[in-house]
Amino acid sequence: MNQSTTNKLDSISDYINQLMIEQDGVGVSVAIVKGSDIIYSKGFGYSRIQPGIPIDGDTVMSIQSISKNFMALSIMQMVEKNMVSLDDPVVQHLPYFRTKDKLQSDVITIRHVLSHTAGFPSDLGIGNMTAPNVREIFSDTPTEFQEALDYYNLTEEEIDFMKTREDITRWFEKVELEYPAGQGWNYCTDAYVILGDLFEKVTGIKWESHLEDNILAPLKMNRTMSEPNEVERDANSARYYLGKEKTETPFPKNTLSAPIGYLYSTANDLAKYLSFHLTKQPDILSSELVAEMQKPVHLVREEWRFGSKFRSYGLAWFTDRYKGLGIVEHGGGQMAVRSLVSIIPELNLGVVVLLNFDGTAHHDICDKIIDVFADF
């Protein structure tokens with residue numbers, strides 16, 4: 001590594017150290033990849049406040065909605081094998097899929113679901129409310145759990161009934177579309193459970209098994225997991241802390257809805273994943289289909305990240321411009337989980353930032369890294 005790069009990395013460490021002074025015992029895990037090489041991997045603070053376990057690049061952490069990218073890649077592998085087409089109607093492969101208006105939902109395609117342009121409302125709740133510890137999550141007051149059910153127009157019996165991904169797909173028959181498929185954009189996290197159902201029905205393979213054998217193993221992502229109990233037992237895994245009081249939150253777990261946000265990974269493993277998207281090696285998906293994932297499908301109304309009019313969504317990737325540079329990224333968050341993976345193709349650069357506390361530090365750190373490497 002040349003002296004210039006060393007100086008850049010030192011300045012990044014200095015910045016993060018300064019940023020973390022305001023935090024009290026929580027942690028951040030950061031990795032940077034240039035092409036095929038991980039050039040930076042470092043932790044700051046702690047993965048668990050008690051007993052004060054240091055966080056590092058191999059700490060297993062919840063990645064929340066970054067999980068969607070792995071679901072999308074699995075679908076694209078099916079496309080490459082001609083098992084499905086992106087423009088197939090979902091109902092072609094899942095005949096029981098429908099919404100309130102069957103004529104409208106019959107034209108929803110796989111591409112629509114992948115790109116959040118199917119017309120679903122953005123806040124359905126069914127995916128996250130099926131978490132096995134959902135009552136613990138909504139336990140601050142005696143009525144909080146019921147208030148959450150009322151907010152999502154769900155019943156306790158309804159969520160207790162959800163045992164399979166097909167059950168969640170069938171639940172969509174109560175959903176009223178907000179616009180015709182392809183004519184708008186709503187980030188509907190729950191819809192990615194439908195993709196998991198579709199994958200398993202077409203292939204006959206459990207999605208997690210495919211993920212392990214055809215994505216994680218070839219990429220040597222040995223510390224990326226889908227089983228929450230395995231993660232909780234791991235000595236180098238994070239816990240999550242909310243607010244100034246650093247209150248430990250219920251552990252994020254929901255195997256039924258794993259495709260929407262319940263995978264676990266490390267900064268180093270996600271750096272390997274970004275290296276694949278930069279270099280297209282190893283050959284687990286064609287360059288053309290990798291590019292298809294990163295191609296904008298629809299403009300995003302919420303222009304919160306860079307305040308940019310260019311922010312769009314592709315197939316499980318946000319695309320944007322930052323100070324003239326193209327950015328391809330996806331983040332995740334729930335309670336005290338914050339995660340972000342960003343690719344800057346013009347710099348051959350990938351950035352991973354994982355936090356076990358709430359706030360916007362993951363964005364601040366990522367932006368700083370881009371600034372340093374772009375010499376802004």
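The following exchange goes through a predicted model, with questions on its sheet, three single residues and its enclosed and open spaces.

Trainee: Which residues and atoms enter the values that we will discuss?

Mentor: Residues are numbered from 1 along each chain as its sequence is written, and side-chain values use heavy atoms, with hydrogens and water left out. Because this is a predicted model, local features need pLDDT of at least 70 and side-chain atom pairs count only at pLDDT 80 or more, whereas totals for chains, interfaces and linings use all residues.

Trainee: In what order do the nine strands of the open sheet follow one another?

Mentor: Strands here are DSSP runs of E with at least two residues, and helices are runs of H or I with at least four, both numbered from the N terminus; two strands pair if DSSP finds at least two bridges between them. The pairing in this sheet is antiparallel, and the edge strands β3 (53–54) and β8 (298–299) each pair on one side only. Read across the sheet, the order is β3-β2-β1-β13-β12-β11-β10-β9-β8.

Trainee: How many bridges join β12 to β13?

Mentor: The strands β12 and β13 run antiparallel, and they form a hairpin with four residues between them, where asparagine 348 in the turn has a positive phi of about 55 degrees. Within this pairing, serine 342 has valine 351 of β13 as its bridge partner. The number of bridges joining β12 to β13 is seven.

Trainee: Which residue takes a positive phi in the hairpin of β11 and β12?

Mentor: The strands β11 and β12 pair in the antiparallel sense over seven bridges, with valine 328 standing opposite isoleucine 343 in β12. Their hairpin has two residues between the strands. The residue with a positive phi, near 50 degrees, is methionine 335.

Trainee: How many residues of β12 are buried?

Mentor: Buried means under 20% relative accessible area, exposed means over 50%, and partly exposed lies in between, with a 1.4 Å probe and protein chains only. In a regular strand the side chains alternate between the two faces of the sheet. For β12, Val337, Ser339, Val341 and Ile343 are buried on one side, and Arg338, Leu340, Ser342 and Ile344 are buried on the other. The count of buried residues in β12 is therefore eight of eight.

Trainee: At about what angle does α17 run to β13?

Mentor: Helix α17 (residues 361–373) lies across several strands, including β1 (27–34), β2 (37–48) and β12 (337–344). Axes are lines fitted to C-alpha atoms, for helices over the stretch in contact, that is with heavy atoms within 4.5 Å. With angles running from 0 to 180 degrees between N-to-C directions, the value for α17 and β13 is about 155 degrees.

Trainee: Is serine 312 buried or exposed?

Mentor: Serine 312 is placed in strand β9 (residues 312–313), and, not counting residues up to four places away in sequence, serine 312 touches Pro296, His298, Leu299, Val300, Trp317, Phe318 and Thr319. Because its relative accessibility is 6%, serine 312 counts as buried.

Trainee: How far apart are the C-alpha atoms of aspartate 358 and glutamate 245?

Mentor: Aspartate 358 sits in the loop between β13 and α17 and, at 28% relative accessibility, counts as partly exposed. Leaving aside neighbours within four places in sequence, the contacts of aspartate 358 are Tyr241, Leu242, Gly243, Met335, Ala336 and Arg338. Although aspartate 358 and glutamate 245 are 113 residues apart along the chain, their C-alpha atoms are separated by 12 Å.

Trainee: What is the volume of the largest pocket?

Mentor: On a 1 Å grid over the protein atoms alone, a pocket is an open set of points with protein on both sides within 12 Å along at least five of seven lines, a cavity is a set where a 1.4 Å probe fits but cannot get out, and lining residues have an atom within 4 Å of a point. The largest pocket is lined by 39 residues, among them Ser65 and Tyr187, and the largest share of this lining, six residues, comes from β11. With grid points joined across faces, edges and corners, and volume taken as the space filled by probe spheres set on the points, the largest pocket has a volume of about 890 Å³.

Trainee: About how much space lies in the largest cavity?

Mentor: The structure holds one cavity of 30 Å³ or more. Residues lining the largest cavity include Ile137, Tyr240, Phe251, Met335 and Val337. The space in the largest cavity is about 50 Å³.
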